[in-house]
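Student: I would like to learn how to read the inside of a protein model. Could you take me through it step by step, starting with what the words mean?

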Amino acid sequence: MNTLTLATLATLATIDTPAAIVERPRMLHNIARMQARMNALGVRFRPHVKTSKCIDVARAQRDAGAQGITVSTLKEAEQFFAAGFTDILYAVGMAAHRLPHALALRRRGCALSIITDGVASARAIAEFGRANGEAFEVLIEVDTDGHRSGIRPDDDVLLEVAHVLHDGGMRLGGVMTHAGSSYDLDTPEALKAMAEQERSGCVRAAQRLRDAGLPCPVVSVGSTPTALMAECLDGVTEVRAGVYVFFDLVMRNVGVCSADDIALSVLTTVIGHQVEKGWAIVDAGWMAMSRDRGTQKQKRDYGYGQVCGLDGAVLDGYVLGGANQEHGILSREGAPDTDIATRFPIGTRLRILPNHACATGAQFPEYQALGEDGALQTWGRFHGW
C-alpha cells in the first residue's frame with residue numbers, strides 16, 4: 001500500500017469518508033496465488049463471491065481461471081447470473097420457500113445447484129421438483145469439523161438423504177463441506193491437519209454414496225485457510241474459498257497472509273480528540289467497519305481494525321480500539337498517547353484494515369479501486385444483502 005503515487009494519495013485526500021478502498025494489485029496477487037495452488041493440486045476452483053459481492057472482482061477471478069462461483073443468497077445468484085455467470089452453487093441449506101426462486105433461475109438458463117443436509121429438506125426439494133417437472137441438482141452438505149451444519153460422513157442419514165433425492169427424481173450432484181473451524185487455528189501444522197480432515201471426511205462421504213450405488217460426481221471442499229494449506233486433495237473435484245481475495249486481520253492471525261496482502265481497507269478522517277484519554281475520533285464507526293470482532297478470541301486483538309497511514313503503511317501499536325455507530329476511537333495499545341492530537345491532527349486521512357473483509361465490505365455500496373498505475377475506479381457492489 002505504501003507504493004501509491006502522489007497523484008493517487010492526492011485523490012484519496014478528496015474522497016468522502018468513510019470509503020471502502022480496494023488495492024487492485026494486491027487483490028490480483030491474492031487471486032493468482034490461490035488459483036496457482038488449485039492448479040498445482042489439480043482441482044477446479046469455485047470462488048465464493050459473498051466476500052466482494054462485486055462483478056468486477058468476480059470477473060478478475062474468472063479471468064485467472066476460476067470455474068463457476070459460489071453464492072450465499074439467491075439474490076446474489078440473480079445479480080451474478082444477470083452479469084453472465086451461469087454456473088452457480090447456492091451454498092446455504094435450501095429452505096422450501098426459496099424453491100420457486102431457484103426454479104425461476106434454472107428455467108431462465110442458470111445452472112444453479114442447491115444443497116441440503118436433512119431428510120425433511122430433501123423431501124421438500126424432491127416433492128417441489130416433481131410437481132414442477134424440474135430435476136434440481138442437489139449437493140449434500142457434510143460436516144467434517146463440527147463447525148456449523150452438515151451430516152457427519154459416517155452418519156446413516158447421509159444415505160437416507162441421498163436416496164430421497166435420487167429416488168425422488170432429483171440429480172444427486174455430490175457432496176460439499178466447509179471447514180470453518182480452520183479460522184480458530186494459527187499454526188501451519190494445525191491448518192494442514194484440518195485441511196486433511198476436511199478432505200478425507202468429504203471423500204469418505206462420497207465413497208459411501210458410490211458404494212451404495214448412488215452418483216457422486218462432485219466432491220467440494222473449502223475455506224481460505226485449508227485451501228491455502230492443503231498438501232493433498234486426492235478425491236476432491238473442486239475447492240471453494242472467498243475471503244482470500246481481500247484477506248483481513250483474522251486471516252493474518254490465522255497465518256495465511258500478512259498485512260501487506262490485505263487488499264481492503266476503510267478510508268477515514270480524524271474528526272476530534274479526547275486528549276486526556278489518548279483518543280483520536282474518526283468518522284469510521286461500526287457502521288463502516290461492521291461489528292465483527294473476529295480477532296477478539298485470537299492471540300492478537302485489533303479491536304475494530306488496524307490503523308494505517310493514508311499510503312496504507314501500518315502504524316504499529318495503533319488500533320481502532322472502540323466504535324459507536326458513526327464514531328471510531330483510535331488509540332494506542334498499552335499506555336495512552338498523550339500526543340495523539342499532534343500525531344493525528346483533525347482532518348488527517350487514515351486507512352483501517354478490517355477484522356473480517358466480508359462484513360466490512362457489506363457496509364458499503366461501492367469500492368474505490370486503486371490500480372497499479374494509480375488510477376482510481378469505482379466498482380459497484382451488491383449492498384444490503
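Tutor: Let us begin with burial: a residue counts as buried when its relative accessible area is under 20%. Please keep in mind throughout that this is a predicted model. With that cut-off, F246 counts as buried because its relative accessibility is 0%, and Y367 is buried as well, with a relative accessible area of 0%.

Student: Which nonpolar residues come together in the interior, and which of them touch the most other members of the largest nonpolar core?

Tutor: In soluble globular proteins, nonpolar side chains tend to be buried together. Here the largest nonpolar core holds 112 residues, and those that touch the most other members are M27, L112, V175, F246 and L330. Helix α8 gives the most to this core, contributing 7 residues. To picture one member, take L330, whose contacts, leaving aside residues up to four places away in sequence, include W279, V307, Y318, I340 and F344. Apart from the largest core lies another one, of 9 residues, with L12, I21, L267 and L310 among them.

Student: How many aromatic pairs are found in the whole structure?

Tutor: The search finds 6 aromatic pairs. The ring centres of F80 and F85 are 5.7 Å apart and their planes stand at 85°, so this pair is edge-to-face. Both F80 and F85 are buried. F246 and Y367 also form an edge-to-face pair, with 5.6 Å from centre to centre and 75° between the planes. That pair links distant parts of the chain, since F246 sits in the loop between β9 and α10 while Y367 belongs to strand β16, 121 residues apart. Ring pairs also link F80, F85 and F382 into a cluster.

Student: What about empty space: how many cavities of 30 Å³ or more does the count give?

Tutor: Rolling a probe the size of a water molecule over the atoms shows where empty space is left. In this model the count comes to 2 cavities of 30 Å³ or more. The largest has a volume of about 60 Å³, and its lining includes E141, D145, H147, R148 and H178. By type, that lining divides into 1 nonpolar, 4 polar and 3 charged residues.

Student: What lines the second largest cavity?

Tutor: The second largest cavity, with a volume of about 50 Å³, is lined by residues including A195, E198, V221, T226 and L233. The elements that give two or more residues to this lining are α8 and α9. The lining of this second largest cavity divides into 6 nonpolar, 3 polar and 1 charged.

Notes: Residues numbered from 1 in each chain as written. Predicted model: local features only at pLDDT ≥ 70, side-chain atom pairs only at ≥ 80, totals over all residues. Heavy atoms only, no water. 1 Å grid on protein atoms, 1.4 Å probe; cavity = no way out; pocket = protein on both sides within 12 Å on 5 of 7 lines; lining within 4 Å. Points joined across faces, edges and corners; volume = space filled by probe spheres on them. Nonpolar A, V, L, I, M, F, W, Y, C, P; charged D, E, K, R; others polar. Helix = DSSP H or I, 4+ residues; strand = E, 2+ residues; numbered from the N terminus. Core = buried A, V, L, I, M, F, W, Y, C linked by side-chain atoms within 4.5 Å. Buried < 20%, exposed > 50% of the residue type's maximum accessible area, 1.4 Å probe, protein only. Contact = heavy atoms within 4.5 Å. Phe/Tyr/Trp six-rings, centres within 6.5 Å; stacked < 30°, edge-to-face > 60°.
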